[in-house]
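User: Please take a close look at one part of this model, the place where two neighbouring helices pack, and tell me how that contact relates to the nonpolar interior.

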Amino acid sequence: MLRYGADRRTVAYLACTAVLTVMNWRLGRIHPVLYPLTIWFFFTSAVISHNHNHLGVWRSKTLNLFTSYLIAMFYGHPAIAWVPTHNQVHHRLNNRPGDTSRSPKWFEGNHLAAILVYPPLTNFAQTRDIHAFLRDLYDRDRPAFWSAMSEYVVFFGTMAFLLVLDWRKTLLFFVIPQQAALFLIQCVNYLQHVETDSESEWNHSRNFVSPVLNGLLFNNGYHTVHHYKPGVHWSQLPALHEQYAHHIDASLLQRSWARYFGYTYFVRPFRSGVRPRLAGQQRL
């Protein structure tokens, strides 16, 4: 029933997230180990949501829809929203003007303040893509529209029920982890595109090639080839990356996410005259 056997890992991640959420709810308080682990798994659900909307986990449309319902509870928004904002707009424009995911926003430079304001500004900017997508879907494909709307009804309906049931637990064990997932997945997109060349065939994305990071996050670090062939399953990205890595500027092949982040935002600002090799993006 799975489209790819590798998605057993996807199912296992979602099951772990669900189990952790139930454990937290029953415990009723923030556990020093369980709670950070829960936030991590909610974030991985955002990565899963991205993958699922490029290529559904299951061969069955019904199972894919129910999986979208589940993912939304961890990701913090109906998963269908990836289609207009990411699949249709970001992959078409790839950080060029008109891409509502374009980075940075508000600021011209790439610094800590720029990455911190990027997620909320991007989420706000993407609402018009979502509204336009739903209006168009209503006009041209009514069954698909009602399927998309069912994701909104299930997500917001379930959240409303949980808030009535126990608003404190819902805030702690759903809303806060959801907002962390939404924030962090936008930061990932920011880091993958800021200070790259959006007009280049191969240098439009930054790749984080650590085997550990990619093992934990479904090969999300191989971003150039993901844009090159967005329909390729996440499990096939390492081999695809190896095939085309020689085209990519070496500065955009980062072995360590932590080293890149630490240097860019905590060391480079204090080193006068240091500039990225590739041209940065213009302010939106």
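Analyst: What follows describes one helix pair and then the nonpolar cores.

The model is predicted, and the values here are computed from it. Two packed helices are described by the angle between their axes and the distance between the axes. For helix 2 (residues 34-54) and helix 3 (residues 61-75), that angle is about 145° and the axes lie 8 Å apart, with helix 2 passing helix 3 in a left-handed crossing. On the helix 2 side the contact is made by Phe 42, Ser 45, Ala 46, Ile 48, Ser 49 and His 52, which meet Asn 64, Thr 67, Ser 68, Ile 71, Met 73, Phe 74 and Tyr 75 of helix 3. By residue type, this contact divides into seven nonpolar, six polar and no charged residues.

Turning to the interior, the largest nonpolar core has 29 residues, and those touching the most other members are Val 47, Ile 48, Met 73, Tyr 75, Phe 174, Ile 185 and Phe 218. Helix 1 (8-27), helix 2, helix 3, helix 6 (142-165) and helix 7 (167-193) each give two or more residues to this core, and helix 2 provides the largest share, eight residues. Ile 185, leaving aside neighbours within four places in sequence, is in contact with Phe 43, Ala 46, Val 47, Tyr 75 and Trp 82. A second, separate core of eleven residues includes Cys 187, Tyr 190, Leu 191 and Tyr 260.

Cys 187 counts as buried because its relative accessibility is 10%, whereas Cys 16, at 37%, counts as partly exposed. The count of disulfides comes to zero.

Technical notes
Residues numbered from 1 in each chain as written. Predicted model: local features only at pLDDT ≥ 70, side-chain atom pairs only at ≥ 80, totals over all residues. Heavy atoms only, no water. Disulfide = S-S within 2.5 Å. Buried < 20%, exposed > 50% of the residue type's maximum accessible area, 1.4 Å probe, protein only. Axes fitted to C-alpha atoms, helices over the stretch in contact; angles between N-to-C directions. Helix = DSSP H or I, 4+ residues; strand = E, 2+ residues; numbered from the N terminus. Left-handed = near helix turned anticlockwise from the far one by under 90°. Contact = heavy atoms within 4.5 Å. Nonpolar A, V, L, I, M, F, W, Y, C, P; charged D, E, K, R; others polar. Core = buried A, V, L, I, M, F, W, Y, C linked by side-chain atoms within 4.5 Å.
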